[in-house]
Amino acid sequence: MITDQAADLLKRAEQGIMEYLNEARAAGRIDEVLYNTAVANTVPNLKAWLADPNIDRISKNLKEGIYRTIEAEKWEDLVNAYRQNLRFGTGGIRGMMAFDRESIRMMYEHGIDVPILKGPNTINEIVFLKTSVGVAQFGKDQDPAFERIVIGYDSRVRGQDFARMIAELFLAYGYTVYFFDEPCPYPEVTFAIPHLKADVGILISASHNDYRYNGYKLSSANGSQFDPKERNEMYNDYIATATTDGIKLLPFDQAPADKLYFLGGAEPVEGFDYGGREANLINIHARHQAHVKTFLMTPDLAERQAASDDPLQIAYCAFHGAGRKAVPRLLADVGLTHVRAIHHNGLNDLNGLFPSFKSDPGEEQQPDPGDPRAAEIAVGAFKAEYGEEAWEEIDILIGTDPDADRCGVVVKVPENQRHVYGGKDYYLMPADDLWTLLIWYRLYREIEKHGAVQEPEKRFLTLSHTTSEAIAALARKHGIGVVKTWVGFAALSAATRDVWEGKHDLIAGLVEGRNDEFVDLCHPFVCTTEGLDARRSFNIGAMEQSNGFSLLGGPPKDKRSLGTGGHVRDKDGTFAAFLMAEVAAWAKENGTNLIELLDKHVYLDPDVGLYMTFYEPDPLDGEYPGIEGDRIKLAILRRALGLFQFALAGDLEIAGMPVKSATIYRTGKYDAIYPATWHFQFPDEGIRFYFDDEQRNHLTIRPSGTGNSLRFHIQLHTFPTADTLIEDKLALKQKGEALMDALREMLRAPRG
């Protein structure tokens with residue numbers, strides 16, 4: 001029931017909302033489709049939340065936050081909070097907890113239940129709990145029914161509080177809950193699920209997004225993301241239909257002793273409330289650590305480092321996240337003990353406000369270890385804390401994001417190449433180069449030991465289509481198969497599973513039964529394959545341009561296990577940090593460094609050559625905000641589709657480079673959000689422009705399906721000689737930068 005006060009405010013809100021929408025449509029800031037959707041949904045959703053008595057039971061101050069927003073006449077904020085439900089993507093939901101700094105700070109200081117604006121299109125306790133009702137009910141309807149769940153959280157604002165509330169809901173639904181006792185890396189969640197034979201896992205995290213965001217990452221029983229069919233059933237039949245009536249909570253101290261376990265280290269964490277169940281603490285850190293060590297190519301690394309007069313010197317930046325203990329722990333376990341963690345400005349603290357990434361209002365920078373600006377923050381903080389002389393001693397700087405599933409590596413630049421890298425003595429090595437070098441190293445060490453790559457006819461690797469083709473060229477040189485997928489570890493994992501199951505004839509092309517009247521649809525997770533004419537069974541790496549890596553191994557013993565001889569089925573930044581540190585230690589022991597290894601063994605390899613890749617998000621941070629951001633993203637996409645038409649006509653140049661051909665990659669997975677029409681089909685995996693007949697040089701415009709942002713990718717290639725390599729690098733770098741600048745000008749997509 002709506003109170004008289006709420007009814008009066010609702011009338012006022014309805015008038016203000018319509019005035020805002022009409023004015024925004026007239027000014028061209030939103031299009032007709034977005035206008036109609038907002039008109040149809042905003043006020044009804046607002047009324048439903050104000051009338052819901054369960055909200056008062058769960059969050060006593062939520063409605064007060066709505067009232068204050070109406071009284072402040074923040075109509076655009078109300079539209080953005082109520083015009084739709086948060087979009088459910090491949091891995092769950094992610095979005096803003098609030099639209100302004102002050103609201104986030106209030107939550108940080110006073111708890112979840114503060115009177116700020118919340119709605120179905122923001123991250124809040126009602127959205128999290130309704131989502132959990134759907135997941136819990138979905139699990140209970142499976143055969144056999146789900147019984148166990150792993151729940152973790154990273155350093156996001158009030159992440160532990162959200163996670164605990166969700167855990168209490170699953171306890172109330174009869175699940176056995178395994179709950180992390182401090183912020184944890186996402187990879188430990190994806191490891192713990194199959195290790196403990198759980199049915200599902202949840203991490204409260206927004207990965208590398210800025211401090212305003214949070215999210216709900218879902219993992220299946222084997223630690224991978226749910227397959228599209230299961231995910232769609234879970235969302236459409238359970239989450240989308242869940243109501244607050246289904247929200248029930250069972251506090252930790254009331255849960256049966258055999259229904260609640262804690263995941264952490266060997267000893268309880270000081271200050272954490274175990275509800276008297278410290279005996280139910282499982283040392284998952286040690287189990288994950290022991291598993292990771294099995295992938296070491298230098299078994300006596302600890303002894304070699306201890307005996308060295310010049311051991312590897314590592315700087316480590318946790319970017320305010322959950323890797324702060326995990327990464328140093330993994331490195332120390334194999335003798336890499338010369339690690340200097342960066343504490344300056346709280347970079348090693350679990351602070352979801354990310355104070356090192358403060359910027360001007362409206363320019364909220366992200367703690368992304370794959371962003372060169374984040375590398376600059378880390379290097380600057382190291383120098384401020386330890387001094388310039390200490391920086392001279394460092395061999396590599398490793399960074400992980402708040403949930404530690406992404407890894408970035410800053411390397412030292414040889415003096416004769418510094419002009420290529422802007423005159424600096426350091427360089428954030430792109431993930432494309434990191435993974436190429438890592439695959440080369442592991443193959444090289446195997447050849448060194450056995451004289452040849454062992455059973456190459458059984459091996460394959462999996463990479464997303466925006467990841468460097470240097471990796472594919474390197475694999476094919478050694479007879480290893482290649483599967484290229486669409487972007488995201490869900491696709492990488494699904495494609496790997498299909499190869500395990502003997503579907504070695506996977507090809508790119510149309511999806512059976514999914515063609516529509518407007519445009520052909522591509523395979524839902526495979527882009528193309530190379531060398532899969534025979535049965536392949538062992539994955540030597542799964543990787544993506546966005547700083548994600550894992551190694552999935554061979555067919556698992558059952559559907560609830562990791563691959564045999566493999567690691568987690570989602571990306572692991574702690575694992576990647578461990579593996580890249582080993583490469584760096586080996587390089588130093590052999591009198592070289594990571595850049596020189598890449599130059600000599602990859603770039604100058606006539607079977608591979610020099611691949612340089614360039615990446616920029618649009619906008620550089622976050623997304624174009626709200627309903628007006630939807631219009632901006634779609635407007636940029638329509639311009640890109642216009643460029644595609646010019647390319648088909650043979651009449652397109654970008655930065656003076658003629659486009660030889662172009663293609664659209666479209667799987668239709670976001671057609672429910674962006675329905676296909678005769679004049680617009682959402683190119684969810686991108687529009688690609690090729691500059692050569694061999695298709696080694698290309699540019700890709702790829703939109704996000706669930707957020708108002710896009711991604712721009714460029715790949716350039718040449719075959720250098722030892723004499724021309726450095727200048728060829730510089731030439732490709734300049735050409736890539738010119739292409740990116742020209743693309744933004746053609747799309748009128750500013751960097752800010």
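Axes here are lines fitted to C-alpha atoms, for helices over the stretch in contact, and angles run from 0 to 180 degrees between N-to-C directions. With that in hand, start with two helices of this predicted model.

Helix α9 spans residues 186–195. Helix α11 spans residues 284–293. Their axes come within 10 Å and cross at roughly 95 degrees. Angles of 65 to 115 degrees count as roughly perpendicular, so α9 and α11 are roughly perpendicular to each other.

Now look at the side of each helix that takes part. From α9 come P187, E188, F191, A192 and H195. They meet I284, H285, R287, H288 and H291 of α11. By class, the residues of this contact are four nonpolar, four polar and two charged.

Move on to the sheet. Five strands make it up, and it is open. Their order is β18-β24-β23-β22-β21, with antiparallel pairing. At the edges lie β18 (610–618) and β21 (661–665), each of which pairs on one side only. From one strand to the next, the twist averages 15 degrees.

Take the β21 edge in detail. Strand β22 covers residues 686–690 and runs antiparallel to β21. Five bridges join the two. One residue to pick out is T663, whose bridge partner in β22 is R688.

A helix also packs on this sheet: α22, residues 725–747. The strands that α22 touches are β18, β23 (698–703) and β24 (710–718). The direction of α22 makes about 30 degrees with that of β18.

Definitions and conventions: Residues are numbered from 1 along each chain as its sequence is written. This is a predicted model: local features need pLDDT of at least 70, side-chain atom pairs count only at pLDDT 80 or more; totals for chains, interfaces and linings use all residues. Side-chain values use heavy atoms; hydrogens and water are left out. Helices (H or I, at least four residues) and strands (E, at least two) are DSSP runs, numbered from the N terminus. Angles under 35 degrees count as roughly parallel, over 145 as roughly antiparallel, 65 to 115 as roughly perpendicular and the rest as oblique. Contact means heavy atoms within 4.5 Å. Ala, Val, Leu, Ile, Met, Phe, Trp, Tyr, Cys and Pro count as nonpolar, Asp, Glu, Lys and Arg as charged, and the others, Gly among them, as polar. Two strands pair if DSSP finds at least two bridges between them.
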